[in-house]
Amino acid sequence: MPNPKLPNLPTVSDAFKQANERFPTASVEEVKQTVPVDAASWRELVQQRNAQQKKKIKKMRKQLDVSVELLDIAGVTVRKLTPKVLSPHFANHVYLDVHGGAYVFFGGLSSIEEGLLIASRLGIVVFSVDYSMPPNAPSPAALNDLQAVYLSLLADPEGRRILIGGTSAGAGLVLALVQSLVKKNINLPSAIYTGTPWVDLTQAGDSRQVNEGADRVLVTYEGLLQSAASLYAGDTELSHPSVSPIYGEFFTFPPVFIVSGTRDLFLSDAVRLHRKIRDFNGTSKLEIVEGMSHAEYLIAYETPESYMTYNELRTFFLQHL
């Protein structure tokens, strides 16, 4: 049976329903069978997905009027994204963007999707990190790249403070990075954004089962996601905090903004993260969007649900500057 489409509910916008109808969705069984068998087939799938994503990026760059500058920071490829209009509220801050993509997809130009939106909608300069990924570079390569870029931005003579965030795998990497910074007693970012965070690479979490098939984007954890998690972790245990930060500590964490959806396969990750931060006496705000599957605020970025998500993020950041 194909996955159910969004029911005709009055609780979501018409634009969101229309975007949902245009989004191609595979069945649970099809996704479970979509698992590359070796490194060569992984590279082929990555190239295919990245090529599709680049078409969207080219449209967004023109539409949002954000300039893109290719940089090398500490030996890592980074793209500096500068919106046409800069907000005076973020004049002394920059945003470090960590892209999603199951830890294996959306390298190169494809990596700047959410960075473009945040640059445009918040009016802030964004540094989007094109971090190393498997099959060539499993964990901890990505984390090492992020730390190198973060430390370079921290040492910027202009003294701008850092906001940081990402969606899905990007959110997991951000949290693992901040846990590492805390242990090393390094200055932390002002605030953190985690969109539908993938913070547990094991099979744990109620929504992994409850929302299987209801999530139109991820569909199921078995198959591609499970395989990508193992590929990224490499020789590291899936439950190790460096790859699954939910099992780490959240002492002295900056304020964290979390967003998920009622149909998100990773809803449990968001809920558990929110609770874990609060258990460590941290500040966390959890936004659950009606009818939304994994990261659809980013996929369907021209909908009221998407604008609402980034408006809430902007407000949260301004409260914690």
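A residue counts as buried when its relative accessible area is under 20%. With that in hand, welcome to a short tour of this predicted model.

**A buried salt bridge**

Asp-269 has a relative accessible area of 0%, so Asp-269 is buried. Its salt-bridge partner is Arg-208, with the closest N and O atoms 2.9 Å apart. This pair ties together distant parts of the chain, since Asp-269 sits in helix α9 and Arg-208 in helix α7 (residues 206–210), 61 residues apart. Arg-208 is buried as well, because its relative accessibility is 2%.

**Other charged pairs**

Side chains of opposite charge can pair when their charged atoms come close. The structure holds 15 salt bridges, and three of them are set out here, including the one just described.

| Acidic residue | Basic residue | Closest N to O distance |
|---|---|---|
| Glu-113 | Lys-56 | 2.5 Å |
| Asp-269 | Arg-208 | 2.9 Å |
| Glu-312 | Lys-285 | 3.0 Å |

Glu-113 in helix α4 (residues 113–122) and Lys-56 in helix α3 (residues 39–64) are 57 residues apart, so the pair links distant parts of the chain. Glu-113 is buried, at a relative accessible area of 9%.

Glu-312 belongs to helix α11 (residues 304–319) and Lys-285 to strand β8 (residues 284–289), with their positions 27 residues apart. Here both partners are partly exposed: Glu-312 has a relative accessible area of 24%, and Lys-285 has one of 30%. Elsewhere, a network of salt bridges links Lys-32, Glu-212 and Glu-222.

**Strand β6 and its partners**

Now for the strands. All five residues of β6 (residues 191–195) are buried. Ala-191, Tyr-193 and Gly-195 point one way from the strand, while Ile-192 and Thr-194 point the other way.

On one pairing, β5 (residues 161–167) runs parallel to β6 and is joined to it by five bridges; Gly-166 has Thr-194 as its bridge partner in β6. Between these strands the chain passes through helix α6 (residues 169–183), making a right-handed β-α-β crossover. β6 also pairs in the parallel sense with β7 (residues 256–261), over four bridges. There, the bridge partner of Thr-194 is Ile-258.

**From β7 to helix α9**

Ile-258 also appears among the contacts of Ile-277, a residue of helix α9 (residues 267–279). Beyond its neighbours within four places in sequence, Ile-277 touches Phe-250, Val-256, Gly-282, Thr-283 and Ser-284, among others. Ile-277 is buried, at 0% relative accessibility. Its C-alpha lies 9.1 Å from that of Pro-255, and the two are 22 residues apart in sequence.

Note on methods:
Residues numbered from 1 in each chain as written. Predicted model: local features only at pLDDT ≥ 70, side-chain atom pairs only at ≥ 80, totals over all residues. Heavy atoms only, no water. Buried < 20%, exposed > 50% of the residue type's maximum accessible area, 1.4 Å probe, protein only. Helix = DSSP H or I, 4+ residues; strand = E, 2+ residues; numbered from the N terminus. Pairing = 2+ DSSP bridges. Right-handed = clockwise from strand over helix to strand, strands pointing away. Contact = heavy atoms within 4.5 Å. Salt bridge = Lys/Arg side-chain N within 4 Å of Asp/Glu carboxyl O.
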